[in-house]
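User: I should like to go through this model and ask on what grounds each term is applied. Please set the values against the definitions as we proceed.

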Amino acid sequence: MEFIEKFFHDYHLQIISTLAACVATPLLKIIIRKIIYRYGVNSQINDLRTKIVIKYVNILINILFSVFLITIWGVTPQWIFASFASVFAIVGVAFFAQWSLLSNVTAGLIIYFTVPFRIGDTIKILDKDNPIEAVVEDIKAFYINLRTVEGEFITIPNSLILQKVISIVNRVD
């Protein structure tokens, strides 16, 4: 019993801060989820795309929560930076070939929030070598599905679609 009293006496600020963070994190997730969902409804964005963005934001909030807890409990910044540097070095080497996946997810988030085109719009990709005119069938986290007038099904990575000049031929209301 004496150990517990000493523990609470020595670490009462950390315990209170941890409890506050444990309460604030879910509330923050709820608030941000409502904001993103409202933005998606107002921008007439597909509900599935909105859920994917909410999932990514929740992952980011969880990472920030973990860093906050590590800081509360007195882990030195030098140790945190050394650990992150080691982890990022390993991840960087292991996933260097997969960098395009991260760029596609980032491009998907940009497409979600800027809404350059919607599902059902007819777009023309003004490419010098291979111009494409097609209807946007679906916008995923990594790629966009298109259907040409001839019925050909085309999948284009999000990062590539951001690099092309796109003309909207027919916008769906």
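User: In β2, which residue is the bridge partner of T122?

Analyst: The bridge partner of T122 is V135 in β2. The model is a predicted one.

User: What makes β1 and β2 count as paired strands?

Analyst: Strand pairing requires at least two bridges found by DSSP. Strand β1 (residues 122-125) and strand β2 (residues 132-139) have four bridges, in the antiparallel sense; they therefore meet the criterion for pairing. The two strands form a hairpin, with six residues between them.

User: How do you know that β1 also pairs with β5?

Analyst: The same test of at least two bridges applies. Between β1 and strand β5 (residues 166-170) there are four bridges in the antiparallel sense, so the two strands pair. One of the bridges joins I123 to its partner I168 in β5.

User: Which pattern do the helices and strands follow along the sequence?

Analyst: The order is α-α-α-α-α-β-β-β-β-α-β, from six helices and five strands.

User: Why is the protein not described as a compact globule?

Analyst: The globule rule, 2.2 Å times the number of residues to the power 0.38, gives a radius of gyration near 16 Å for 173 residues. The protein has 23 Å, so its value does not match that of a compact globule. Its C-alpha atoms fill a box of roughly 80 × 40 × 20 Å along the principal axes.

User: What share of the residues is buried?

Analyst: Of the 173 residues, 25% count as buried, which means that their relative accessible area is under 20%.

Definitions and conventions: Residues numbered from 1 in each chain as written. Predicted model: local features only at pLDDT ≥ 70, side-chain atom pairs only at ≥ 80, totals over all residues. Heavy atoms only, no water. Buried < 20%, exposed > 50% of the residue type's maximum accessible area, 1.4 Å probe, protein only.
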